[in-house]
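Student: I am new to this structure and would like a close look at a single part of it. Please pick one residue, describe its surroundings, and then go on to the rest.

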Amino acid sequence: MTDLMIFAIFFALLALMNFYRFIKGPTAADRMVAGDSMDIMISMAMVMFSLYTGRGIYLDIAIITAMLGIINTMLVGRYLDKGRWLYHAESDY
Amino acid sequence: MLRVIIDILIGIGAVFALAGTIGVIKMPDVFSRMQASTCITTLGVLGVCLGALLYAIFVMQHPSTAVKIVVIAALVLTTNPVGAHAIAKGAYQAGIRPEKKMETDDYRRDFDE
Amino acid sequence: MQKTRFPAVVTTFIVSYAFWILLTWSFSAQELAAGAVVSLVVALFSARFFIHERAFWLFSPLKFAYAVIFWLGVFMVELVKANVDMAKRCFTGCKNINPGIVKIPVDIKSDYGQAALANAITLTPGTITMEITEEAGQTYYYVHWIDVAKPSGKEAGDAIKGTLEKWLRRVWE
């Protein structure tokens, strides 16, 4: 049983290591890459913790974390791309 | 026996996640860091989710937990490359270049000058 | 703006209803009815973004079998190989890298096929698709490659996406 908790703590530590790059990163893209891997780490830690405690509610938190993380990444990526949402202006939608 | 297999699978995921984290911290420029962080999102997530799936099916015997774990893995694996495209293209268009000049750079040749 | 077509609505409805059942995982009549209504509304609004071409490709058994073999077999082997390579580079100090952006030609016509190939390339560590362009009827990808072994063109394309493209053309031919 405790091995799952050890893995959960390990993933949380990895998320902290990514946080170093999040603070230090010279450009916005660096920060966003670190933030993206950070929230995947956090959702993995949530999965492990949910199996450890045996309660399903932490899995919902993991799903929502992964979803919001990808929306964040897309948003910042498109913002850096000068807000151009379409590749071809003559496309039909 | 089953617990050993589960531990090995999660351990593989943890090792690849550690490799990706080291890459994110130590790689020299944005694009290489992005390559390293792909390591986390593929085999790291797959290893952890496979182990967790086996645990949920055979130890906990709880179908909704297993289904949610499958949903997490599928969600991360399908949506993450889209974010990677967005960040890579956005970083390049915003003028972020690696310090050491890249030897082959067709993108700059075709679009920049 | 593309028109909403009936087969597209059916496919979107089936996919979103299956997702609803996966998420709720209760089979009482109330939940199933509520799920059907919500899925129908979602399908009516979003079918035109979800389905562009042939709507029922997923329900043809041969294509589905090819897709399953690709994503669970061939692609996994490539993924593990590339991951081990990338992990070696990371653990040995991140020094032996030679990044660059190459331009490779792609022979897949269908929209889904191109999107799936771009995602597959991005998911293997070591390569990230940056942009898709089309010049004179030929589609090109710009790919950032961590260890440029060959200059641009067909050889680089074979090294990056040889087997992936072969299998994806079987799925979306």
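Tutor: What follows starts at one residue of chain B and then moves to chain A and chain C.

The model is predicted. The residue is B:Thr21, and its place is in helix H1 of chain B, which covers residues 2–26. Is B:Thr21 buried or exposed? A residue is called buried when 20 or more other C-beta atoms lie within 10 Å of its own. B:Thr21 has 29 C-beta neighbours inside 10 Å, and therefore B:Thr21 counts as buried.

Which residues does B:Thr21 touch, once its neighbours within four places in sequence are left aside? One contact is in chain B, namely B:Ile40. The others are A:Leu14, A:Met17 and A:Asn18, in chain A. B:Ile40 is 19 residues from B:Thr21 along the chain, and 7.5 Å separate the C-alpha atoms of the two.

The contacts of B:Thr21 lead to chain A. Chain A has three helices and zero strands, in the order α-α-α from the N terminus. Of its 93 residues, 42% are buried. Among contacts in chain A with a separation of 6 or more, 52% are between residues 24 or more positions apart.

Chain A also takes part in the largest nonpolar core, which has 89 residues. The members that touch the most other members are A:Phe11, A:Val47, A:Met48 and C:Val143. For A:Met48, the contacts beyond four places in sequence are A:Leu4, A:Phe7, A:Ala8 and A:Phe11. Another core lies apart from the largest one and has five residues, including C:Ala8, C:Val9, C:Ala43 and C:Ile51.

That brings in chain C. It is divided into domain 1, residues 6–55, and domain 2, residues 59–171. How many Å separate the centres of domain 1 and domain 2 of chain C? Taken over C-alpha atoms, the separation is 31 Å.

The last stop is a strand pair in chain C. Strand S1 of chain C spans residues 100–106, and six of its seven residues are buried, so that S1 is mostly covered. Its partner is strand S3 of chain C, residues 138–145. The two strands run antiparallel and are joined by seven bridges. Within this pair, C:Ile101 stands opposite C:His144 of S3(C).

Key:
Residues are numbered from 1 along each chain as its sequence is written. Chains are lettered from A and ligands numbered from 1 in the order in which they are written. This is a predicted model: local features need pLDDT of at least 70, side-chain atom pairs count only at pLDDT 80 or more; totals for chains, interfaces and linings use all residues. Helices (H or I, at least four residues) and strands (E, at least two) are DSSP runs, numbered from the N terminus. A residue is buried if 20 or more other C-beta atoms lie within 10 Å of its own, exposed if 12 or fewer, and partly exposed in between; C-beta atoms are placed from the backbone. Two residues are in contact if their C-beta atoms, placed from the backbone, lie within 7 Å. A nonpolar core is a set of buried Ala, Val, Leu, Ile, Met, Phe, Trp, Tyr and Cys residues joined through C-beta atoms within 7 Å. Domain bounds come from an automatic or database domain assignment. Two strands pair if DSSP finds at least two bridges between them.
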